[in-house]
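I opened this model to look up its nonpolar side chains. My notes follow in the order I checked things.

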Amino acid sequence: MKALSVEPSNAPLAIGSRIRTARQARHLTIEQVADSTGLTKGFLSRVERDLTSPSVASLVTLCQVLSISIGDLFMPPETTLVRWPEAPGINLGGDGINERLVTPRTERRVQVIRSEIVPGGSGEAELYSVDCDVEVLHVAAGRLDLVFTTETMSLTAGDTVTFPGKEPHSWRNPDDAAPAVVIWTLVSPGTA
């Protein structure tokens, strides 16, 4: 069997933003990391901006201080693409609505649903709540009335409302001629 010859790449690896993100997630300043690693603030700043590359020894020390593995810096991000035609249809109730889940089915931290609501379309007659911590509704096109126990909000394209997922609500497209497009983002418990 013949071995594959792979040409080395001279393209620099951009790991600085991942190092900065790890530092910030631990609420550490560059100065604190410099003190813990023995590296200078200026050097760490250049590393975070991908202006210089740390030696293997410096990288090992930096990763130990930030409690991350070296391998995580070089792994491609986990991404999942959901194309509109393949997005699964769902039905959360209501009349005159076409809803699709646009996040992966396996994603449990957050769910994004795109709804197309026909003129006069409406949610449940009874107010309902969703099993999530936070619900975000964004009107991408058209108009939507968001009905709560004590008030009704009249929303237009570009408006965004954030409220607790347990808050009883319903909705309706008050327009008798134009559809509405609404993006619902549901943040699961424990991720907010």
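I started with the largest nonpolar core of this predicted model. I count 19 residues in this core. Ile117, Leu137, Leu144 and Leu146 have the most contacts inside it. I then looked up which elements give two or more residues to this core: strands E2 (95-101), E3 (110-122), E4 (134-141), E5 (143-148), E7 (160-164) and E9 (180-187). E9 supplies the largest share, four residues.

Next I took leucine 137 alone and set aside its neighbours within four places in sequence. Leucine 137 is in contact with Leu144, Leu146 and Leu155. I also list Asp159, Thr160 and Val161 as contacts of leucine 137, then Val182, Ile183 and Trp184.

I found a second, separate core of 15 residues. Ile15, Ala22, Leu44 and Cys63 are among them. For background, nonpolar side chains tend to be buried together in soluble globular proteins.

I checked the UniProt record as well. Its unreviewed entry lists residues 19-73 as "domain: HTH cro/C1-type". In the model, that span is 69% helix and 0% strand. The end C-alpha atoms of residues 19-73 lie 7 Å apart.

Which residues form a nonpolar patch on the surface? I noted Val56, Val60, Ile70 and Phe74, with about 320 Å² of accessible area together. Helix H4 (56-66) and helix H5 (70-74) are the elements that give two or more residues to the nonpolar patch.

I closed with isoleucine 70, which lies in helix H5. Is isoleucine 70 buried or partly exposed? Its relative accessible area is 31%, so isoleucine 70 is partly exposed.

Notes. Residues are numbered from 1 along each chain as its sequence is written. This is a predicted model: local features need pLDDT of at least 70, side-chain atom pairs count only at pLDDT 80 or more; totals for chains, interfaces and linings use all residues. Side-chain values use heavy atoms; hydrogens and water are left out. Patches are made of residues with over 30% relative accessible area and no salt bridge: like charges are joined within 9 Å, nonpolar side chains (Val, Leu, Ile, Met, Phe, Trp, Tyr) within 5 Å. Accessible areas come from the Shrake-Rupley method with a 1.4 Å probe; for residues, only the protein chains shown count as cover. A salt bridge is a side-chain nitrogen of Lys or Arg within 4 Å of a carboxyl oxygen of Asp or Glu. Buried means under 20% relative accessible area, exposed over 50%, partly exposed in between (1.4 Å probe, protein chains only). A nonpolar core is a set of buried Ala, Val, Leu, Ile, Met, Phe, Trp, Tyr and Cys residues joined through side-chain atoms within 4.5 Å. Contact means heavy atoms within 4.5 Å. UniProt positions are given in the numbering used here, feature names are shortened, and annotations may be inferred rather than shown by experiment.
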